[in-house]
Amino acid sequence: MKTFTLATSLVLLAAGAADALTVRGAVAGGNLPPDLRVAGVVVTPFGQVVQEVSSVPVEKGQFSLELPTTAPSARAQVALTPQNVNWPGVIDPVQVTGQAQVAELKLFTYRDQNNNGRRDENEPLREVMADVRGANLFVVWVNTDVSVTASKGFQAGLKRGWNAFLVDVGRAVNVQPFADSTVVSVRLGR
């Protein structure tokens, strides 16, 4: 299996609850297929693909992926409970303040083989793991403000709409808001 690195500069444009989250980046290394797309995909708490919310082509090694300000579909949302928080760095016991609907988003790539600008069933998704110096990028949508806490110091205050964090797991768990200047590295298996 051949791998190449996808060095990604991610920009969060989320000052308010309804603002969009934009992911901008550059793909580096290897020969990139001309039909490569980057997609933001909502997954279940168990990682199963539910809904592609946005995708863009990689052009000249670069992309800019904007997540919509609208909510993911109802079938992509689940009730946020301590039992279904399978996020990076979350270890029991988990506490959730209030009741909320949530949708976890992961980045994927795929080859748009028929160039129709969207993913078709015969175009396999490949999950892309994004990190910054060992901290994982985590993106989640919630329908209302809510906080999630867990063991080893995990604390995430979520605002209505899309939220992005860098989660560093070590002896303690450090959750940092995602900043405009963040550069994320991604490895893609081919």
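Let me start with strand β7, which is joined by three bridges to β11, residues 146-149, with the two strands running antiparallel. Within that pairing, Q95 of β7 stands opposite T149 in β11. Please keep in mind throughout that this is a predicted model.

These two strands belong to an open sheet of three strands, in the order β7-β11-β12, and the pairing in that sheet is antiparallel. Its edge strands are β7, covering residues 95-97, and β12, covering 155-158, each of which pairs on one side only. If we ignore direction, neighbouring strands of this sheet are turned against each other by 10° on average.

Now to the hairpins. Strands β3 and β4 form a hairpin with five residues between them, and in the turn we find G47, which has a positive phi of about 90°. The two strands of this hairpin run antiparallel and are joined by seven bridges, and one position to look at on your screens is V41, which stands opposite E52 in β4.

A second hairpin is made by β13 and β14, with three residues between the strands. Here β14 spans residues 173-177, and five bridges join it to β13 in an antiparallel arrangement; L166, for instance, has Q176 in β14 as its bridge partner. Strand β13 also pairs with β10, again in the antiparallel sense, over seven bridges, and in that pairing V139 has A164 of β13 as its bridge partner. What makes β13 largely enclosed by the rest of the structure? Seven of its nine residues are buried, and therefore the strand is largely enclosed; buried here stands for under 20% relative accessible area.

That brings me to the nonpolar interior. The largest nonpolar core has 27 residues, and those that touch the most other members are V42, F63, L65, L67, L105, V139 and W162. At least two residues of this core come from each of several strands, including β2 (21-26), β5 (62-67), β8 (101-111) and β9 (126-132), while the largest share, four residues, comes from β10. Apart from this core lies another one, of 21 residues, among them A150, F154, A156 and V167.

Which residues is L65 in contact with, once its neighbours within four places in sequence are left aside? The contacts of L65 are L21, T22, V23, V38, A39, G40, S54, S55, V56 and L107, and so far as the core is concerned, L65 is one of the residues that touch the most other members.

Finally, the empty space. How many cavities of 30 Å³ or more does the structure hold? There are three of them, and the largest has a volume of about 70 Å³. The lining of this largest cavity consists of V43, T44, P45, V78, L80, N84, W87, V102, A103 and E104, and the strand that gives the most to that lining is β8, with three residues.

The largest pocket, by contrast with a closed cavity, is an open set of points, and its volume is about 260 Å³. It is lined by 14 residues, of which P88, K106, E127, M129 and L137 are the closest to its centre. At least two residues of the pocket lining are supplied by each of β8, β9 and β10, and with β8 we are back at a strand that also supplies at least two residues of the largest nonpolar core.

Terms used
Residues numbered from 1 in each chain as written. Predicted model: local features only at pLDDT ≥ 70, side-chain atom pairs only at ≥ 80, totals over all residues. Heavy atoms only, no water. Core = buried A, V, L, I, M, F, W, Y, C linked by side-chain atoms within 4.5 Å. Buried < 20%, exposed > 50% of the residue type's maximum accessible area, 1.4 Å probe, protein only. Contact = heavy atoms within 4.5 Å. Pairing = 2+ DSSP bridges. Axes fitted to C-alpha atoms, helices over the stretch in contact; angles between N-to-C directions. 1 Å grid on protein atoms, 1.4 Å probe; cavity = no way out; pocket = protein on both sides within 12 Å on 5 of 7 lines; lining within 4 Å. Points joined across faces, edges and corners; volume = space filled by probe spheres on them.
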